[in-house]
Amino acid sequence: MVFKRLMQAMGVGGPSVETVLANPNCRPGGQLEGRIQVVGGDHEVDVEYVALGLMTRVEVESGDNDYNTDQEFHRQRVTGAFRLAAGQRHEIPFRFDVPWETPVTELYGQHLHGMTMGLRTELEVARAVDKSDLDAVAVHPLPAQERLLEALLRLGFRFARADVERGHIYGVRQTLPFYQEIEFHPPAQYARAINQLEVTFIADPQQMQVVLEMDKRGGLLTEGRDAFGRFTVDYATLDRTDWTAQLDGWLRQSIQRRGLFS
């Protein structure tokens, strides 16, 4: 009897959990829908709750060392406590809210190199090892994000990679403990002055803050340095701006101020 209780505490013969997404594709501010299938094991258990958590890979700077870690950044409980009999099947439908600041993982049907995103299901069982399931999620850009990314591509910028960095950007309203940077290689007309361009989007239901960071090339007598630009895009007036011309103008002005652009 003692051995049996020990095995149960280790999760042997316990329940299983599997999540089935109706559609793994979503946008920031949208929802993921699906159902969670819980199947009882060989003995009755008390389930304390079932929860869903959205997770991504985050880069952390710690002194002289950088490392990557998986971080859950949004969580919803989908049930309270219930008793699950041996062999019983329990199906739980859900709608999971995707935060507005969720990093983008896809662009024009292509996965952004460097990005990971998953929805984790956690089954908390009293006095036993937790059970979990992880499903890949694809986050597509908002229309406003698409417009600005399209403008950069028209200017000739080429996507390099994307990552998520832990921390907050100074002067930007931010609710999540990290931000995404989408990095681009510059086209020929900027390459003499810029090593790379990094773009960050911080969205909410009404508008989107955009942060541009240029890694500038150094000259014979000057050091390379970063230049920052920040502006807000209102969704209601998105179509009234020529974003290709807007971004081109900002980049040229910023470079000219440093005397790096003729």
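Start with Leu119: across from it in β11 stands Asp135. This is a predicted model, so keep that in mind throughout. The two strands here are β10 and β11, the latter covering residues 131–136. They run antiparallel, and 6 bridges join them.

Now stay on β10. How many of its 9 residues are buried? The count is 8, so this strand, residues 117–125, is largely enclosed by the rest of the structure.

β10 also pairs with β4. Again the sense is antiparallel, this time over 9 bridges. One facing pair to look at: Val47 stands opposite Val125 in β10.

Follow β4 onward. This strand spans residues 45–62, and β5 spans 65–79. The two pair antiparallel over 13 bridges. Val50 has Thr79 of β5 opposite. The hairpin of β4 and β5 leaves 2 residues between the strands. Which of them should you click on? Gly63, which takes a positive phi near 65 degrees.

While we are in this region, find Tyr49. Arg77 lies over the face of that ring, at 3.8 Å from the ring centre.

A second positive phi comes up elsewhere. Tyr108 has one of about 55 degrees, although it is not a glycine. Where is Tyr108 placed? In the loop between β8, residues 106–107, and β9, residues 110–111. Tyr108 is partly exposed, at 46% relative accessibility.

Next, the open sheet. It has 3 strands, in the order β1-β3-β7, and the pairing is antiparallel. Which strands stand at the edges? β1, residues 16–21, and β7, residues 89–97. Each has a single partner strand, so one side of each is left without a neighbour in the sheet. On average, neighbouring strands of this sheet are turned by 25 degrees against each other, direction ignored.

Look at one pairing in that sheet. β1 meets β3, residues 31–39, in the antiparallel sense over 6 bridges. Within it, Thr19 has Ile36 of β3 as its bridge partner.

Just before β3 in numbering is Gly30, and that brings in Leu142. Their C-alpha atoms are 9.8 Å apart, with the two positions 112 residues apart along the chain. Leu142 itself lies in the loop between β12, residues 138–139, and α2, residues 143–154. Is Leu142 buried or exposed? Buried, at 7% relative accessibility.

On to the aromatics. The structure holds 5 aromatic pairs. I will show two of them.

Pair one is Phe159 with Phe184. The centres are 6.2 Å apart and the planes make 80 degrees, an edge-to-face arrangement. What does the pair tie together? Phe159 lies in β13, residues 158–166, and Phe184 in β14, residues 178–185, so the pair ties together parts that are 25 residues apart in sequence. The two rings sit in unlike surroundings: Phe159 is partly exposed, with a relative accessible area of 27%, whereas Phe184 is buried, at 1%.

Pair two is Phe231 with Trp243. Here the centres are 5.9 Å apart and the planes are at 20 degrees, so the pair is stacked. The cut-off for that is planes under 30 degrees apart. This pair links distant parts of the chain, 12 residues apart. Phe231 is in β17, residues 226–234, while Trp243 is in helix α4, residues 243–257. Phe231 counts as partly exposed, at 22% relative accessibility. Trp243 is buried, at 7%.

Last item: empty space. Rolling a probe the size of a water molecule over the atoms shows where such space is left. How many cavities of 30 Å³ or more does the structure hold? The answer is 1. Its volume is about 80 Å³.

The lining is worth stepping through on screen. It includes Trp100, Glu101, Thr102, Pro103 and Val104. Gln145 is there too. Then come Phe178, Tyr179 and Gln180. Phe201, Ile202 and Ala203 complete the list. Which elements give two or more residues to this lining? They are β14 and β15, the latter being residues 194–203. β14 is also the strand that carries Phe184 of the edge-to-face pair.

Conventions
Residues are numbered from 1 along each chain as its sequence is written. This is a predicted model: local features need pLDDT of at least 70, side-chain atom pairs count only at pLDDT 80 or more; totals for chains, interfaces and linings use all residues. Side-chain values use heavy atoms; hydrogens and water are left out. Rings of Phe, Tyr and Trp (its six-membered ring) pair if their centres lie within 6.5 Å; planes under 30 degrees apart count as stacked, over 60 as edge-to-face and the rest as tilted. Helices (H or I, at least four residues) and strands (E, at least two) are DSSP runs, numbered from the N terminus. Buried means under 20% relative accessible area, exposed over 50%, partly exposed in between (1.4 Å probe, protein chains only). A charge sits over a ring if NZ of Lys or CZ of Arg is within 6 Å of the ring centre and within 35 degrees of the ring normal. Two strands pair if DSSP finds at least two bridges between them. Axes are lines fitted to C-alpha atoms, for helices over the stretch in contact, and angles run from 0 to 180 degrees between N-to-C directions. On a 1 Å grid over the protein atoms alone, a cavity is a set of points where a 1.4 Å probe fits but cannot get out, and a pocket is an open set with protein on both sides within 12 Å along at least five of seven lines; lining residues have an atom within 4 Å of a point. Grid points are joined across faces, edges and corners, and a volume is the space filled by probe spheres set on the points.
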